[in-house]
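Please open the structure in the viewer and follow the selections below in order. Each stop names what to select and then describes what is found there.

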Amino acid sequence: MLTSDLTRARRRNGRIEPIPLTPKDRERLLPAAEHLALSAQGCVGKTRAEFEAACAEAPARPTDYKIVKGLRKLIEDRCVFEARFKSQSGGEPWELRRAVFSCAAEIRRNAETPDQFDADALLASTGAEFDLTPEEAETALFADLKQNHLLTQFKRIDAESLLDAYETGQKQAILLRAARVTIEFPKPDPGGARLFFRKLKFRRLLYTARQLKGGGYEVEIDGPFSLFRLTTAYGLQLALMLPVLDECGLWRLRADIVWKPNPKPYLFELEGGREFSAERDNEPLADEVQQLKERFLQLESEWEVETARELLDMPGVGLCVPDLAFTRKGEPFRVYLEALGYWSREAVWRRVELAEAGMKEPVIFAFSSRLRVSEEALDEDLPSELLSYKGVVSAKAVLERLENMWARRKALPSASEFPPALE
C-alpha cells in the first residue's frame, strides 16, 4: 500500500484529493510499469539486491520519480522475500558466522605465516558442522542480511492493473490519515449491506450506523487519527475497506483528513459502487467469532447457532449488526450475539444506549474485560445482556446466558416482550 509520502495530493479550499493520472500520464508511465512487473517476475529465485537493481532500470522521466517510486512500492508489496539458509541442522546464519569467525581467529593466532590460512578449507570444515558444502557455506554466511534475501514468490500483475492499483493506493493513503469517515449507502442491497457490515467487523473497525428515511444507511467509522493507540494497524484496516465498498452497491464517502502542516482537517470525498453480486454474501466471520461458533456446536444443548443475517434497527437511535444467531430448538425464540472485542470501550456504551432505547430483540453483547465495563451496566429487566470475557468468549458462558434469557422469557405472561426477529 502507498504511504502519504508517495501520494500526490492536491489541497485547496479546505479539501484534499489525489491527483489522478491523465491518459497521457498513463501512456507515458506504461513502459515503467511494465518493466517493474516483468523485473519482479524475472527475479524470482534471485536476491533482493538483484531485484532492486533491475527495478532501478525502469524507463522514466526525472519528474515522474515519485510516481515510479510508488509503483515500485506496490510491486514490492506483491513480493515475498526469504533468507536462503539451507542448513539441515537447523542453524542460523549468525551461528554460522560466529563459528567461521571464531575458527578463523584461532587459525590466525596459531599460524606462523599468513600463507598458512586457507579460506576454502575453513569454509569446508565449518560448513560441514552445519551440513553445508563450502559453496553453500559461503552463500549462507550473510544470508540473513536484507539485501541477500531471495525473492521466492511474486503475485503477478500487468502494467495497466498496476497503474489502476496506484490510483486506488493514493486514495487509501489519504484514508490512512483520517480522523472520521462517514459512508452513505442511499439504496443498499440487503446482501450488500450485510457484506459491508461483516467486513467492518472482520477488520475490527469501530462504527456507528443508522438507517436513513429513504431506506439507506449512514455509517460513521472512527479514523486512525481519532485513536490514541493502534493508529498504524487500525488505519491499514480502514484503508483496506476501500476496494470492498464497490462490492456493496452505490456509496458516498466523506472523511476528515489530518494532513500536515495544516492543523485543521481537510475534507475528502469519494463515491462509487456497482451492483451487488450474491456470490459475495458468504464472507467468513472474524476468527474469534468462527471459533466461538465451532465451540458452541460441540456443546450438547437445546440451541442451534448460525451466522446472523439480520440487521437490527432502532429508528432514530442506531443499528445493531449481530454476528451469530441462536434459536431454541422447536421454539420461535431467537437470541443474537455481537462480539465487540477489545478495541473500544465507547463501542460497548453505544450498544448499551441501543438496548436502553427500547430494542426488543434480545442480544448478548460480548466484550473484553480489558475495557473495564461492568456487566451490570445494562438493567437486568431489559431483553439484552452484557457478557465480559478474558481471552476468548466462552461457549459455556454464552449457553448459560441463553438459558437465563429463555427462563426469563417463559416467566413472562406473554411472549410479546421478546418478539422473534426471524427474516
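Begin with cysteine 43, which is buried at a relative accessible area of 6%. The model on display is a predicted one. Next, add cysteine 55 to the selection: its sulfur is the nearest cysteine sulfur to that of cysteine 43, yet it is 6.8 Å away, and cysteine 43 is in no disulfide. The two sulfur atoms would have to lie within 2.5 Å to count as a disulfide. A search of the whole structure likewise finds zero disulfides. For another cysteine, select cysteine 320, which counts as buried at 1% relative accessibility.

Now turn to the nonpolar cores. Select Phe196, Phe197, Ile221 and Leu253, the residues with the most contacts inside the largest nonpolar core, which has 38 residues. Which helix gives the most to this core? Helix 8 (residues 190–202) does, with five residues. A second, separate core has 28 residues, including Leu36, Cys55, Phe81 and Leu151. In soluble globular proteins, nonpolar side chains tend to be buried together.

Return to phenylalanine 197 and display its surroundings. Beyond its neighbours within four places in sequence, phenylalanine 197 is in contact with Tyr207, Ala209, Val219, Leu311, Leu319 and Val321.

Helix 11 (residues 287–297) is the next selection; its buried residues are Val289, Leu292, Lys293 and Phe296. These cover an arc of only 100° around the axis, and therefore lie on the same side of helix 11.

Move on to strand 15 (residues 363–368), where six of six residues are buried. Colour the two faces separately: Val363, Phe365 and Phe367 are on one side, Ile364, Ala366 and Ser368 are on the other, and all are buried. Then add strand 16, which pairs with strand 15 in the parallel sense over five bridges.

The last stop is glutamate 385, in strand 16 (residues 385–389). Isoleucine 364 stands opposite glutamate 385. Is glutamate 385 buried or exposed? Its relative accessible area is 14%, so glutamate 385 is buried. Show side chains here: that of glutamate 385 makes a polar contact with the side chain of arginine 401 at 3.4 Å. Setting aside residues up to four places away in sequence, glutamate 385 touches Val363, Ile364, Phe365 and Leu378, together with Arg401, Asn404, Met405 and Arg408.

Technical notes. Residues numbered from 1 in each chain as written. Predicted model: local features only at pLDDT ≥ 70, side-chain atom pairs only at ≥ 80, totals over all residues. Heavy atoms only, no water. Core = buried A, V, L, I, M, F, W, Y, C linked by side-chain atoms within 4.5 Å. Buried < 20%, exposed > 50% of the residue type's maximum accessible area, 1.4 Å probe, protein only. Helix = DSSP H or I, 4+ residues; strand = E, 2+ residues; numbered from the N terminus. Contact = heavy atoms within 4.5 Å. Polar contact = N/O pair within 3.5 Å; in protein donor to acceptor, adjacent residues only side chain to side chain. Arc of directions from axis to C-beta. Pairing = 2+ DSSP bridges.
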